[in-house]
Structure formats: structure tokens, C-alpha cells
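This report covers the pockets, one helix and several loop residues of a single chain. The sequence and the model come first.

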Amino acid sequence: MEHFSSLTPVFIAIICVLIGIILKSNRKSSKKGKSETQNKSESRPWVDDDLRDNTDLHVEEEDADGDWQGLDENIAHVSFSAERYSEGEMIKRSKEFYELLNKRRSVRFISDEPVPREVINNVIKAAGTSPSGAHTEPWTFVVVEDPEVKHRIREIIEEEEEINYKKRMGDRWVNDLKRLRTNWIKEYLDTAPYLILIFKQVYGMLPNGQKKTHYYNEISVSIACGILLAALQNVGLVTVTSTPLNCGPRLRVLLQRPTNEKLLLLLPVGYPGKDATVPDLTRKPLDDIMVVM
């Protein structure tokens with residue numbers, strides 16, 4: 001017993017040394033993990049946590065999958081010049097453009113009057129001029145004019161929207177929408193001559209079957225949508241921006257879109273109905289939206 005007691009301090013010392021080694025090893029592993037995570041994050045600056053969703057490409061997926069191909073580095077650069085206006089003309093044009101867009105409203109009462117298809121082609125071509133990350137152009141504009149397909153889209157959206165309003169959205173969201181007099185009934189999905197569904201391509205597919213990274217795909221497609229809204233206003237057509245909650249997968253399947261595409265926005269497009277109304281809203285003044293440093 002005395003012999004055991006004399007060895008007790010030795011055992012305690014050995015245990016302390018082992019604990020110290022274990023803790024030191026854990027710290028190194030933790031630092032290494034943080035460093036690797038930071039390096040991966042720095043190597044993928046286009047992945048914004050605020051925009052990431054379950055369809056965005058993660059670093060591990062790209063590293064593990066060998067079917068990815070970089071962009072062609074051999075691209076010619078050409079000279080560029082833009083038309084330059086006098087200060088007076090610039091002010092005039094900027095004011096006219098603002099006044100045009102200031103008339104834009106979200107309209108839920110859309111006429112079934114036909115719209116020339118060429119107009120739709122041109123406004124989508126305008127949207128396609130949008131800038132995009134590394135010029136990957138990660139957008140697909142699906143134009144639906146078939147009445148049966150439009151009605152099926154309406155059925156899917158109204159089915160999900162009723163659940164959204166009654167269960168998913170919550171009282172605050174539903175109450176905030178009451179002043180706009182909107183609900184899950186979307187008659188304009190049948191009456192509008194065209195439905196334009198804008199999909200973001202979370203990655204691209206090259207002719208050789210390899211995947212192509214689409215940097216900032218959601219931001220790029222969102223900018224294109226803004227240009228599309230301006231183009232529609234420019235030709236006298238109306239729409240309402242619709243983001244069908246929980247409808248994306250079913251609509252993607254209905255429209256036979258590939259798995260690398262995710263629905264971002266739906267726009268019913270046409271002329272305003274004869275009895276169309278809009279809420280009497282005002283926009284924030286310049287001082288509330290601009291900061292000059």
C-alpha cells in the first residue's frame with residue numbers, strides 16, 4: 001500500500017502529460033481544419049452565404065467530381081468605344097428614362113389580348129445582354145403560350161400558394177399582403193398571353209459532357225430580370241413579379257428543364273386589363289435610397 005502511494009504522484013504526472021499531448025493535438029487539428037476551410041472560402045469568393053441554397057455548388061462537390069472544366073483562356077480582346085452625349089442630353093435622357101420606369105407597376109389584372117411574339121423575343125434578347133460572373137450567362141427564359149400548359153402552371157401554383165397562405169407564411173406576412181389585395185388565386189396565369197419563367201443555371205453543361213461553374217449565378221440572373229422588367233415597361237407591357245414558393249421543382253419537371261436549373265422568377269406578361277387597378281403606393285425619395293460620400 002505504501003509502495004502504491006509512493007507511485008501515485010508518478011501516475012498523476014503521466015496522466016497530465018498524456019492529457020497535454022491530446023489537447024495539443026486537438027488544437028493543431030482544429031487550426032488545420034479552420035485553415036483549410038478559410039482557404040476553400042478564399043478560393044471560392046463567389047459563394048455568398050446569404051445566397052447559398054441546396055442547389056449551389058459546394059467546394060467538396062467540385063473537388064470530388066472530375067467532370068469539371070475551366071473556361072477557355074484564349075479569347076480575343078477588341079477595341080471599345082461608346083456614344084458620348086453632351087451633359088444636357090445626358091440629363092434629358094436620364095430624366096426620360098426615370099420617368100418611363102417610374103410608371104412601372106405590378107399589375108395583377110392582365111388582358112388576354114395577343115402580343116406580337118417578336119416583342120417577347122426582343123425583350124428577352126435585351127435581358128440576355130446582362131452582365132454575368134465570368135460571362136457564363138447562367139439563365140434560361142422559358143416562354144409559355146400554350147393555354148393548357150399555362151393552366152397546369154396555375155393549378156400547381158394555386159395548390160401550393162393556398163398552403164403557403166394558410167400554413168407556411170405566418171400571420172405577419174399574410175397581414176402585410178392584405179393591403180395589396182392578393183391571395184392564392186392567380187387568374188392572370190391563365191389570361192396573360194405569355195408566362196415567362198426565368199431559371200438560374202447553378203452550373204452549366206459543356207458539349208463534351210463536362211460541367212462548367214457558374215459564378216454568382218443568382219445575382220447574374222437577378223440583374224437580367226431587372227433588365228427584362230425595364231424592357232417590358234419600354235414596350236408598354238405589364239407584369240407582376242412572382243416567386244412561386246415551393247413550386248420550383250414541380251414546375252421544372254412540368255417544363256422539362258434539367259436538374260441544374262432552378263426557378264427564380266415567374267412573369268405573366270401582357271397588356272393591362274380594361275378594369276385593372278393597382279394599390280396607391282408611393283416610392284421612397286432619392287434621399288432615402290442614395291448616400292453620397
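The second largest pocket is lined by 21 residues. Nearest its centre lie R108, F109, R181, Y188 and T277. A pocket here is an open set of points on a 1 Å grid over the protein atoms alone, where a 1.4 Å probe fits, with protein on both sides within 12 Å along at least five of seven lines. Lining residues have an atom within 4 Å of a point. The model is predicted: local features need pLDDT of at least 70, side-chain atom pairs count only at pLDDT 80 or more, and totals for chains, interfaces and linings use all residues. Residues are numbered from 1 along each chain as its sequence is written, and side-chain values use heavy atoms, with hydrogens and water left out.

The table sets out both pockets. Volume is the space filled by probe spheres set on the points, with grid points joined across faces, edges and corners. Nonpolar covers Ala, Val, Leu, Ile, Met, Phe, Trp, Tyr, Cys and Pro; charged covers Asp, Glu, Lys and Arg; the others, Gly among them, are polar.

| Pocket | Volume | Lining residues | Lining classes |
|---|---|---|---|
| Largest pocket | about 750 Å³ | 33 residues | 14 nonpolar, 10 polar, 9 charged |
| Second largest pocket | about 480 Å³ | 21 residues | 8 nonpolar, 7 polar, 6 charged |

In the largest pocket, S242, T243, P244, L245 and N246 lie nearest the centre. Four elements give two or more residues to its lining: α5, α6 (171–178), α9 (248–254) and β5 (261–269). The largest share, 5 residues, comes from β5. Helices (H or I, at least four residues) and strands (E, at least two) are DSSP runs, numbered from the N terminus.

**Helix α5**

Helix α5 spans residues 147–168. Does its length fit, and what should its 22 residues span at 1.5 Å a residue? The expected span, 1.5 Å times one less than the number of residues, is 32 Å. The end C-alpha atoms are 29 Å apart, which agrees. D146 caps the N-terminal end: one of its side-chain oxygens lies 2.8 Å from the backbone nitrogen of E148. After the helix comes G170, with a positive phi near 90°.

The buried residues of α5 are K150, I153, R154, I156, I157, E158, E160, E161, N164 and Y165. Buried means under 20% relative accessible area, exposed over 50%, and partly exposed in between (1.4 Å probe, protein chains only). An α-helix has 3.6 residues a turn, so residues three or four places apart point the same way.

**S132 and its surroundings**

S132 sits in the loop between α4 (117–127) and β1 (139–144). S132 counts as buried because its relative accessible area is 16%. Its side chain makes two polar contacts to backbone nitrogens: T136 at 3.2 Å and E137 at 2.9 Å. A polar contact is a pair of N or O atoms within 3.5 Å; within protein, one must be able to donate a hydrogen and the other to accept it, and residues adjacent in sequence count only if both atoms are side-chain atoms. Leaving out residues up to four places away in sequence, S132 touches E137, P138, W139 and S220. Contact means heavy atoms within 4.5 Å.

Y216, in the loop between β4 (211–213) and α8, is 84 residues from S132 in sequence, yet 7.4 Å away in space, C-alpha to C-alpha. Y216 is partly exposed at 37% relative accessibility. N217 lies in helix α8 (residues 217–234). N217 is buried, at 7%. A polar atom of the N217 side chain lies 3.2 Å from the backbone oxygen of H214.

V202 lies in the loop between β2 (194–201) and β3 (203–205). V202 is buried at 6% relative accessible area. Its C-alpha is 9.1 Å from that of W139, 63 residues apart along the chain.

**Positive phi outside glycine**

Most residues other than glycine have a negative phi. A134 has a positive phi near 55°. A134 lies in the loop between α4 and β1 and is partly exposed at 45% relative accessibility. Q256 also has a positive phi, near 55°. Q256 lies in the loop between α9 and β5 and is exposed at 69%.

**Whole chain**

The chain has 10 helices and 5 strands. Buried residues make up 31% of its 293 residues. Of the contacts with a separation of 6 or more, 80% join residues 24 or more positions apart.
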